[in-house]
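Trainee: Hi! I'm about to open a structure I haven't seen before. Could you walk me through it?

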Amino acid sequence: MTVSSPIEDVRVRHRRDGIVVTLGGGLRESEVHRITVLPIVRDMFSDTLRYPFDLILSTGPEFEPNVVAGIVEDRVAGHTVAGALVEARFRRRNDAVTHWNLTDAKSIF
């Protein structure tokens, strides 16, 4: 699992009846957060998700759905880059909010 905005000390435990996610320090107030379940989590029958699953939530006011998408390419070598960390930084008043994601096998985020 990944959590964006960045949070340190994310712990994931599998249980027979679900997944328990513990976030060190909790979610910051007045921010939009994305929790991504990666397709490596297996259920009790050893099945995995076909695609990542995103849960978007806000610890502040309502938010407007939006998206930033693209492809990461190594311009020197001329090939795509799977697993690249992509950060989007937004300034809000005196605070900066960072959301991040990893590119998939086709280098798409």
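Mentor: Happy to! Let's begin with one pair: histidine 33 stands opposite leucine 57 in β5. Keep in mind that this is a predicted model.

Trainee: Which other residue stands opposite a partner in β5?

Mentor: Valine 32 does, and serine 58 is its partner in β5.

Trainee: How many bridges pair β4 and β5, and in what sense?

Mentor: Strand β4, residues 32-37, pairs with β5 over six bridges, in the antiparallel sense.

Trainee: What order do the strands of that sheet come in?

Mentor: The order is β1-β4-β5, three strands in an open sheet with antiparallel pairing. At the edges stand β1 (2-4) and β5 (53-58); each has a single partner strand, so one side of each is left without a neighbour in the sheet. From one strand to the next, the twist averages 15 degrees.

Trainee: And what holds paired strands of a sheet together, in general?

Mentor: Backbone hydrogen bonds do the pairing, and the strands can be parallel or antiparallel.

Trainee: OK, how many bridges join β1 to β4?

Mentor: Three bridges join them, and the two strands run antiparallel. As an example, valine 3 has isoleucine 35 in β4 as its bridge partner.

Trainee: Is β4 largely enclosed or left open, and why?

Mentor: Largely enclosed by the rest of the structure, because five of its six residues are buried.

Trainee: Let me pick a residue. Where is arginine 34, and is it buried or exposed?

Mentor: Arginine 34 is in strand β4. Its relative accessibility is 15%, and the cut-off for buried is under 20%, so arginine 34 counts as buried.

Trainee: What does the side chain of arginine 34 reach?

Mentor: One target is the backbone oxygen of tryptophan 100, at 2.4 Å. The arginine 34 side chain also makes a polar contact with the side chain of threonine 36, at 3.2 Å.

Trainee: Which residues does arginine 34 touch, not counting those up to four places away in sequence?

Mentor: With those set aside, arginine 34 touches Thr2, Val3, Ser4, Asp54, Leu55, Ile56, Trp100 and Asn101.

Trainee: New topic! Where is threonine 103?

Mentor: Threonine 103 is in the segment after β9, which covers 95-102. This threonine is buried, with a relative accessible area of 6%.

Trainee: What does the side chain of threonine 103 reach?

Mentor: There's the backbone oxygen of valine 81 at 2.7 Å, and there's also the backbone nitrogen of glycine 83 at 2.8 Å.

Trainee: Which residues is threonine 103 in contact with, leaving aside neighbours within four places in sequence?

Mentor: Both Val81 and Gly83 are on that list, along with Val72, Ala82, Ala84, Val86, Ile108 and Phe109.

Trainee: Let's zoom out. How many helices and strands are there in the protein chain?

Mentor: There are zero helices and nine strands.

Trainee: What about the span of the chain?

Mentor: Along its principal axes, the C-alpha trace spans about 45 × 40 × 25 Å. The accessible surface of the chain comes to about 8600 Å², and 52% of that belongs to carbon and sulfur atoms.

Trainee: What share of the residues counts as buried?

Mentor: The figure is 19% of the 109 residues.

Trainee: One last thing: what share of the contacts joins residues at least 24 apart?

Mentor: Among contacts between residues at least 6 apart in sequence, 41% join residues at least 24 apart.

Definitions and conventions
Residues are numbered from 1 along each chain as its sequence is written. This is a predicted model: local features need pLDDT of at least 70, side-chain atom pairs count only at pLDDT 80 or more; totals for chains, interfaces and linings use all residues. Side-chain values use heavy atoms; hydrogens and water are left out. Helices (H or I, at least four residues) and strands (E, at least two) are DSSP runs, numbered from the N terminus. Buried means under 20% relative accessible area, exposed over 50%, partly exposed in between (1.4 Å probe, protein chains only). A polar contact is a pair of N or O atoms within 3.5 Å; within protein, one must be able to donate a hydrogen and the other to accept it, and residues adjacent in sequence count only if both atoms are side-chain atoms. Contact means heavy atoms within 4.5 Å. Two strands pair if DSSP finds at least two bridges between them. Axes are lines fitted to C-alpha atoms, for helices over the stretch in contact, and angles run from 0 to 180 degrees between N-to-C directions. Accessible areas come from the Shrake-Rupley method with a 1.4 Å probe; for residues, only the protein chains shown count as cover.
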